Amino acid sequence: MESNIINKNLHHTDNIELESVVIRFSGDSGDGMQLTGSQFTDTAAFLGSDISTFPEFPAEIRAPIGTVAGVSGFQVNFGSKEIYTPGDEYDVLVAMNAAALKVDLPKLKKGGIIITNTSGFDRKNLLLAGYPEGGNPLENDTLANYDVHKIDITKLTKECLVSSGLSNKEIERSKNMFVLGLLFWMFDQSMDFTINFINEKFAKKPEIANANILTLKAGWNYGDNTEIFATRYKISPANLPKGTYRNISGNHATAIGLVASSELTGLPLFLGSYPITPASDILHELSRYKSSNVKTFQAEDEIASICAAIGASYAGALAVTTTSGPGMSLKAEAMGLATMLEIPLLIIDVQRGGPSTGLPTKTEQSDLMQAMFGRHGEAPLPIIAACSPSDCFQTILDATKIAIEHMTPVICLSDGYIANGSEPWRFPSANELQPIHVKFATENNNPDGTYLPYKRDEKLSRPWAKPGTPELMHRIGGLEKQHETGNVSYDAKNHELMTKIRAEKIERIADYIPLIKPDSGNEKAKLAILGWGSTYGAIKTSVNELLQEGYDVAHIHLRNLNPFPKNLGELLKGYENILIPEINSGQLIQLIRSRYLIPAIGFSKVQGLPFTTAELKNKILEIIK
Amino acid sequence: MSTISESTIIPKLTAKDFASNQEVKWCPGCGDYSILKQVQTVFPDFGVPKENIVFISGIGCAARFSYYMDTYGMHSIHGRPAVIAAGVKAQNPDLSVWVISGDGDAFSIGGNHFIHALRRNFDLNYLVFNNQIYGLTKGQYSPTSEKGKVAKSTPYGSLEEPFNSAMLALGAKGSFIARSMDRDPKHMQAMLKRANEHRGTSFLEIYQNCTVFNEGAFFSFSEKESKKDQALFLEHGKPILFGDNNQKGIKLDGLTPVVVELGNEASLSDLWIHDEHDKIKAQILASFSDTSFNDIMMPRPFGVIFSEQRPTYEIEMQEQIEAQIVKKGKPSLDEILSGEKTWTIL
């Protein structure tokens with residue numbers, strides 16, 4: 001793919017209108033690239049672009065400076081058209097040092113723009129990045145096919161702040177603002193949003209705020225005054241549906257979804273959690289919502305965090321635990337207890353590369369089987385997966401509804417890609433949200449005047465009698481229980497009955513969830529691409545492009561992974577072929593094949609990275625051509 | 001609390017009212033029977049309506065306890081009852097929450113939760129039935145078994161030092177640390193009352209005889225012949241006395257406890273006066289279980305070894321919420337949905 005912003009080599013500043021642009025901010029972990037990227041994103045979103053972001057950072061907080069291991073990147077795709085992915089390749093690469101260039105050059109489009117900080121390309125940096133002696137890519141023809149801008153950003157920042165009274169270290173830290181200012185100039189974005197941000201963030205340190213604003217403006221002026229940039233680009237506002245928007249990441253949307261669920265159920269929210277990447281931000285965010293009567297409990301370990309949530313649920317809270325793959329494994333035994341207790345509980349797994357510590361900061365969809373089967377005994381649980389950052393909100397609301405109305409723990413799957421990625425969200429107003437009805441038991445339910453804790457309704461769900469309710473004292477526990485009475489029972493036939501009831505109860509949820517229909521394309525086609533979770537954006541983009549090119553394809557995206565929507569098997573019969581792309585070695589495909597006995601085709605990527613649109617298109621074309 | 005009906009006067013409950021309809025299935029002669037009986041005996045005096053009492057137990061013989069109480073109860077999973085109880089208490093601070101655990105449940109598989117429970121200080125009553133053996137799994141050594149214990153999994157003797165539970169609890173900043181035993185019903189009742197009165201996590205270790213796998217582990221403290229000499233019953237503000245006719249006492253020589261005969265060697269006024277709020281002296285008392293002083297083993301302390309008043313977790317948790325509501329006001333759902341930075345497309 002060639003860049004659509006190849007320098008036209010004109011000597012005056014041209015203004016070119018573009019549909020969309022992908023920028024990759026890349027630098028050392030300490031260079032502030034995440035902040036730079038998110039400020040650029042917020043501004044672009046604020047000015048009406050559709051956006052999708054992909055922050056990518058190392059597991060180490062501060063990997064050795066200047067090494068390829070320490071490179072931290074933030075990719076943003078913004079434009080006037082609908083954007084569903086952060087982009088396969090970028091138009092602009094900001095490389096703050098040699099290592100950043102080394103790591104991120106391969107995905108820069110041919111002819112794309114490179115903005116480098118030459119201070120990051122000294123002998124030491126080049127060696128750390130693994131460039132051979134005398135092989136400075138800025139001085140040989142390595143970058144001949146690109147539009148390279150060599151700027152000593154460190155030096156310019158220092159000059160700009162020479163009389164600021166700040167220490168060298170503080171000055172050095174401001175250099176990302178120079179880059180941001182320059183990029184704002186290049187893409188005709190206002191600085192106001194960031195200036196406000198800086199003033200708020202450093203309200204108590206005006207000298208730092210001033211230095212950052214000065215540097216930001218210096219970057220802008222550098223673009224405006226020097227003639228090395230021949231072109232400025234303009235991206236018209238996207239034709240997004242009318243409404244009020246905010247920018248939101250998946251973890252943030254999850255947190256808000258939980259607070260909203262608490263309001264909609266009228267139940268106080270209790271979060272039991274243990275810090276784990278990439279789920280911790282949900283804990284951080286919720287701990288700020290004390291004034292919404294949110295209780296957050298940072299437990300001593302993963303096991304304790306789900307157990308505290310089980311206790312809170314038993315006592316009548318909307319209880320949730322958040323984690324990632326390794327934490328899911330640790331919680332497995334307690335999930336078995338919660339399954340046996342049949343209490344509402346949300347278990348949120350923000351998946352990452354595994355097994356074991358694996359790739360903590362990289363994404364993967366490899367916990368589906370764990371969510372389905374990762375417990376002792378037969379312990380089926382509903383599973384629901386979010387497909388984009390903002391979709392985490394609705395996913396949580398849907399999960400809460402299932403948990404409360406069907407008296408069951410629910411597993412919600414997100415992953416590192418959508419948890420950290422962000423997009424504009426046309427958020428709903430409170431009165432558009434459906435209330436979720438909670439019914440606590442208050443009276444005996446047995447004609448003989450006793451209470452039957454496991455007497456079931458038409459959904460097969462049992463009553464929720466919280467401690468403190470007069471007359472309904474009862475005991476529950478992990479031992480197998482007698483049908484209806486809940487008393488301990490080792491009776492053989494009773495165990496089989498209870499096992500079947502627990503399974504049937506989860507299956508019956510299918511009667512209460514929406515039927516599935518194609519997200520793009522028709523109900524009959526040569527090929528359907530069946531996805532789940534965070535692959536939504538890449539599948540949607542590739543299928544829409546192929547539909548426009550006249551191919552007979554469709555996109556079906558699963559939100560409910562257990563139970564499946566009732567009509568899924570019937571729907572899939574309408575397609576000659578089914579392709580199931582997953583960021584794992586093929587997990588959904590096993591479930592689909594065994595359930596519907598259809599010869600679906602798998603497409604796996606297990607690199608800690610999302611699919612690119614090009615990868616998917618190539619695979620699809622390979623099948624249908 | 002909304003669920004308590006304060007207007008109606010309920011006749012005082014009896015021990016029988018606290019017995020559930022489930023058949024008690026411990027081995028004949030098990031010390032757990034005594035504990036169940038003492039709990040059911042003292043509970044009517046606490047004046048808490050049955051519906052406001054919750055028993056959370058882990059796994060093991062002790063953990064069956066919750067099935068036998070006609071209150072709310074959860075028989076949970078191994079080692080985790082204290083943290084499940086923390087969740088219950090966090091959600092509803094008005095409940096009277098009792099944790100039932102054993103030495104394996106509390107100190108081995110649940111060791112992590114035990115220490116963190118004490119440190120956090122939720123208002124829980126944490127009863128640990130210590131029989132120095134794994135009973136339900138049929139007789140393996142436990143983390144309180146003595147080193148060299150010959151058991152199912154250690155035919156040549158265990159290689160592990162046992163925990164000193166009171167020292168462990170002190171290190172974990174337990175705010176109430178007490179010990180009693182199954183064969184002293186009156187003492188146990190008194191300790192249950194103290195545990196109930198204490199606001200914070202009340203750790204009450206109860207020595208409990210396992211007739212099948214560890215018969216007599218605590219007989220030296222419970223049986224007539226040796227009890228007077230080997231068990232030390234602490235009372236706050238009283239001199240530390242033991243032996244037949246309380247003729248022996250303990251005095252402090254600096255930080256070293258010394259056993260003295262009253263009359264010949266010392267008078268009552270020379271003795272160590274037990275102050276359950278003194279943490280340094282509590283550490284010396286706690287060390288009696290496994291430390292000799294001048295080659296003399298001290299008697300085993302029973303009673304309240306240490307207690308202090310400090311804020312409970314659930315109250316401080318609630319106060320933080322209330323403080324934020326006062327400071328910021330409760331935001332509307334619309335405010336939460338919109339966040340601080342929005343833009344509108346017309």
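1. In this predicted model, G477(A) has H75(B) as its bridge partner in β2(B). The strands involved are β17(A) and β2 of chain B, the latter spanning residues 72–75; they pair in the parallel sense, over three bridges. A strand of chain A thus pairs with a strand of chain B.

2. The contact between the chains takes 56 residues from chain A and 55 residues from chain B. On the chain A side, the elements that each supply at least two residues are α1 (33–46), β9 (243–249), α9 (250–265), β10 (269–273), β11, α11 (302–314), α12 (325–341) and β17 (475–477). Helix α11(A) gives the largest share of that side, with nine residues. By class, the chain A side divides into 30 nonpolar, 16 polar and 10 charged residues.

3. Which residues have the most contacts inside the largest nonpolar core? They are A308(A), I310(A), V410(A), C412(A) and V88(B), in a core of 202 residues. The largest share of this core, nine residues, again comes from α11(A). Leaving aside residues up to four places away in sequence, A308(A) touches G272(A), F297(A) and A299(A) in chain A, and V83(B), I84(B), A86(B) and G87(B) in chain B. Another core lies apart from the largest one and holds 55 residues, including F25(A), I153(A), C160(A) and M191(A).

4. Chain A contains an open sheet of seven strands with mixed pairing, in the order β11-β10-β12-β13-β15-β14-β20. Why do β11(A) and β20(A) each have one side without a neighbour in the sheet? Strands β11 (294–298) and β20 (560–562) of chain A stand at the edges and each has a single partner strand, so one side of each is left free of a neighbour there. From one strand to the next, the twist averages 20°.

5. At the β20 end of this order, β14(A), residues 383–385, pairs with β20(A) in the antiparallel sense over two bridges. Within that pair, I384(A) stands opposite N560(A). Helix α14(A), residues 391–405, lies across four strands of chain A: β12 (318–323), β13 (345–351), β14 and β15 (409–415). The helix runs at about 165° to β15(A).

6. Chain A is divided into four parts: domain 1 (14–235), domain 2 (247–430), domain 3 (439–513) and domain 4 (525–624). The centres of domain 2 and domain 4 of chain A, taken over C-alpha atoms, are separated by 25 Å. Their contact takes 24 residues from domain 2 and 21 residues from domain 4 of chain A. On the domain 2 side, α13 (368–373), β14, β15 and α15 (416–420) of chain A each supply at least two residues. That side has 15 nonpolar, six polar and three charged residues.

7. Chain B has an open sheet of three strands, β8-β9-β10, with antiparallel pairing. Its edge strands are β8 (241–242) and β10 (256–261) of chain B, each pairing on one side only. How many bridges join β9(B) to β10(B)? Six bridges join these antiparallel strands, with β9(B) covering residues 248–253. Across this pair, I250(B) stands opposite V259(B) in β10(B).

How values were computed: Residues are numbered from 1 along each chain as its sequence is written. Chains are lettered from A and ligands numbered from 1 in the order in which they are written. This is a predicted model: local features need pLDDT of at least 70, side-chain atom pairs count only at pLDDT 80 or more; totals for chains, interfaces and linings use all residues. Two strands pair if DSSP finds at least two bridges between them. Axes are lines fitted to C-alpha atoms, for helices over the stretch in contact, and angles run from 0 to 180 degrees between N-to-C directions. Two residues are in contact if their C-beta atoms, placed from the backbone, lie within 7 Å. Ala, Val, Leu, Ile, Met, Phe, Trp, Tyr, Cys and Pro count as nonpolar, Asp, Glu, Lys and Arg as charged, and the others, Gly among them, as polar. A nonpolar core is a set of buried Ala, Val, Leu, Ile, Met, Phe, Trp, Tyr and Cys residues joined through C-beta atoms within 7 Å. A residue is buried if 20 or more other C-beta atoms lie within 10 Å of its own, exposed if 12 or fewer, and partly exposed in between; C-beta atoms are placed from the backbone. Domain bounds come from an automatic or database domain assignment.
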